[in-house]
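Here are a few notes to help you find your way around. Keep the viewer open as you read, and take the points in order.

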Amino acid sequence: MRVRPDELLVLLPRCLQNEDCGRAVQKDVEECARCGVCPLRSILALRDRYGFRMKVAGGGREALAAVQAPGVRAVLAVACVPELYAGILAALPKPVLAVPHEQPCGPCRNTRVDLARVEAAIRSVLEHDNRREGA
Ligand code: SF4
């Protein structure tokens, strides 16, 4: 399945944000100051390049609401494996590409993600190479 960038939702867990960062990225990803301490800066750079939707969710209910938003046809979810399983089932029939995150500080704290895997997954589901000019 291939979708347009505006039909792809990249769904991220709150624990990807550095625990000492007070920016309200759950409310709006644009709140991120792009300091680079956590992976959100790099994922925002991918968003700027490809134009997909992006949401940081604090829990399953918030994530499901984002998945069910009008116009979302495919989801790329980053989370721990149990949450990914639950999310894939909850999102049916919408397809979910799942990228497990890494937990160098233990569960639910300052998690990380392989950005090359995220970008490869994004490119695998977009209709064309949608990189924006100059991005
Ligand atoms: S990149 Fe910096 S400003 Fe953005 S969410 Fe992470 S720690 Fe906060």
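1. Which handedness does the β-α-β unit made by β1, helix α1 and β2 have? Those three elements form a right-handed unit, with helix α1 covering residues 40–50. Please keep in mind that this is a predicted model.

2. Now look at the two strands themselves. Strand β1 (residues 8–13) pairs with β2 in the parallel sense, and the pairing runs over five bridges. To find your place along it, start from leucine 12, which stands opposite valine 56 in β2.

3. Strand β2 spans residues 53–57 and is mostly covered: four of its five residues are buried.

4. Helix α1 is also where you will find serine 42. Its relative accessible area is 28%, and because that value lies between 20% and 50%, serine 42 counts as partly exposed. Serine 42 also gives a nice example of chain folding: leucine 115 is 73 residues apart from it in sequence, yet their C-alpha atoms are 7.7 Å apart in space.

5. Next, please visit asparagine 110, in the loop between β4 (96–100) and α4 (115–125). Why is asparagine 110 called buried? Its relative accessible area is 14%, so it falls under the 20% cut-off.

6. What surrounds asparagine 110? Leaving aside neighbours within four places in sequence, asparagine 110 is in contact with Cys15, Gln17, Asn18, Glu19, Pro104 and Cys105. With glutamate 19 there is a polar link to look for: the side chain of asparagine 110 reaches the backbone nitrogen of glutamate 19 at 2.8 Å.

Note on methods
Residues numbered from 1 in each chain as written. Predicted model: local features only at pLDDT ≥ 70, side-chain atom pairs only at ≥ 80, totals over all residues. Heavy atoms only, no water. Buried < 20%, exposed > 50% of the residue type's maximum accessible area, 1.4 Å probe, protein only. Pairing = 2+ DSSP bridges. Right-handed = clockwise from strand over helix to strand, strands pointing away. Polar contact = N/O pair within 3.5 Å; in protein donor to acceptor, adjacent residues only side chain to side chain. Contact = heavy atoms within 4.5 Å.
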